[in-house]
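User: I would like to learn how to read a fold from its coordinates. Can we go feature by feature?

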Amino acid sequence: MFSGKTTWLIEYTKTLPKDSYRIFKPNIDTRYATHAIVTHNGQSLPAHSIDHLKPSIPPLSKKIKTILIDELNFFTFETIAPHIQKQLKLGRNIVGVGLFYDSYKQPFGSTLKLSKIAHCTEELMSTCDNCGQKTARHSYRKIRTKKQIAIGAGESYGPSCDNCWNILAISSSKHIP
Ligand SMILES: [Zn+2]
């Protein structure tokens, strides 16, 4: 949610030897491209789409040492974790990014659980729409829907800090019929 997760991932690949990594993304996320990860400001890298309900990682050449996964939140822990464990056993590093929380402040998919077993984690914050502090770890929905997963960029979600979430979530639902 505007915290620069995908940008972070793309920057990370620049630290890796060329052709030593593969990027995967859930096939639910088709906002910008189906075979690429794309940042909000248009940077992109090729990525393999995998089924978000039944994810699997295809056999990879030995030269692939790092697997990067975008939008971990669109996979459940139960479906993605076994594939991550398998790749770790094969000696590969796994680097993933995802939202910790959905727009109801509930854990979103596998991200939080995976972060608990990761060797290291980094939480990226974005700028809160209400107070302007760079402490936004939540998002609020600008459109009304009861679905946890509604794909959207700037037009349907906004970043919110913990303190402002009630104000933003309630005022936006009032404004929208
Ligand atoms: Zn705030």
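Analyst: We start with the overall layout and then move to strands, cores and backbone angles. Keep in mind that this is a predicted model.

User: How many helices and strands does the protein have?

Analyst: There are 4 helices and 8 strands. Starting at the N terminus, the order is α-β-β-β-β-β-α-β-α-β-β-α.

User: What share of the contacts joins residues at least 24 apart, among those between residues at least 6 apart in sequence?

Analyst: That share is 69%. As for burial, 31% of the 177 residues count as buried.

User: Now the strands. In what sense do β1 and β5 pair, parallel or antiparallel?

Analyst: Parallel, over 4 bridges. One pair to locate is Arg22 with its bridge partner Ile67 in β5. Strand β5 is also joined to β6, again by 4 bridges, and these two run parallel. There, Ile69 has Gly96 of β6 as its bridge partner. To get from β5 to β6 the chain passes through α2, and this β-α-β crossover is right-handed.

User: Is Leu68 buried or exposed?

Analyst: Count C-beta atoms around the residue; 20 or more others within 10 Å means buried. Leu68 has 22 such neighbours, so it counts as buried. Its place is strand β5, residues 66–69.

User: Which residues does Leu68 contact, leaving aside neighbours within four places in sequence?

Analyst: The contacts are Leu9, Tyr12, Thr13, Tyr21, Ile23 and Val95. Take Ile23 as an example of a long-range approach. It is 45 residues from Leu68 along the chain, yet their C-alpha atoms are separated by 4.7 Å.

User: How do I read a nonpolar core?

Analyst: In soluble globular proteins, nonpolar side chains tend to be buried together. Here the largest nonpolar core has 17 residues. Ile23, Phe24, Ile67, Leu68, Ile69 and Leu72 touch the most other members. At least two residues of this core come from each of β1, β5 and α2 (77–89). A second, separate core has 8 residues, including Ala136, Cys161, Trp165 and Leu168.

User: What does Ile69 touch, not counting residues up to four places away in sequence?

Analyst: Phe24, Ile94 and Gly96. Gly96 is also the bridge partner of Ile69 in β6.

User: Next, a helix. Which residues of α1 are buried?

Analyst: Lys5, Thr6 and Leu9 are the buried residues of α1, which spans residues 5–13. Look down the helix axis. The buried residues fall within an arc of 95°, so they line one face of α1. Their cover includes β2 (36–38) and β5. Leu9 also appears in the contacts of Leu68.

User: What about strand β4? How exposed is Ser49 there?

Analyst: Ser49 sits in strand β4. It has 16 other C-beta atoms within 10 Å, so it is partly exposed. Setting aside neighbours within four places in sequence, Ser49 contacts Lys25, Asn27, Thr34 and His35. Lys25 is 24 residues away in sequence, with a C-alpha to C-alpha distance of 5.0 Å to Ser49.

User: Where does Asp51 lie?

Analyst: In the loop between β4 (48–50) and β5. Asp51 is exposed, because 12 other C-beta atoms lie within 10 Å. Its C-alpha atom is 5.4 Å from that of Asn27, and the two are 24 residues apart along the chain.

User: Last, backbone angles. What should I look for in phi?

Analyst: Most residues other than glycine have a negative phi. Check the exceptions. Asp19 is not a glycine, yet its phi is positive, about 65°. Lys105 also has a positive phi, near 65°, and is a residue other than glycine.

User: Where is Asp19, and is it buried or exposed?

Analyst: Asp19 is in the loop between α1 and β1 (21–26). It counts as exposed because it has 10 C-beta neighbours inside 10 Å.

User: And where is Lys105?

Analyst: Lys105 is in the loop between β6 (93–96) and α3 (111–117). With 17 other C-beta atoms within 10 Å, Lys105 is partly exposed.

Technical notes. Residues are numbered from 1 along each chain as its sequence is written. This is a predicted model: local features need pLDDT of at least 70, side-chain atom pairs count only at pLDDT 80 or more; totals for chains, interfaces and linings use all residues. Two residues are in contact if their C-beta atoms, placed from the backbone, lie within 7 Å. The arc is that of the directions from the helix axis to the C-beta atoms. A nonpolar core is a set of buried Ala, Val, Leu, Ile, Met, Phe, Trp, Tyr and Cys residues joined through C-beta atoms within 7 Å. Two strands pair if DSSP finds at least two bridges between them. A crossover is right-handed if, with the strands pointing away from the viewer, the path from the first strand over the helix to the second runs clockwise.
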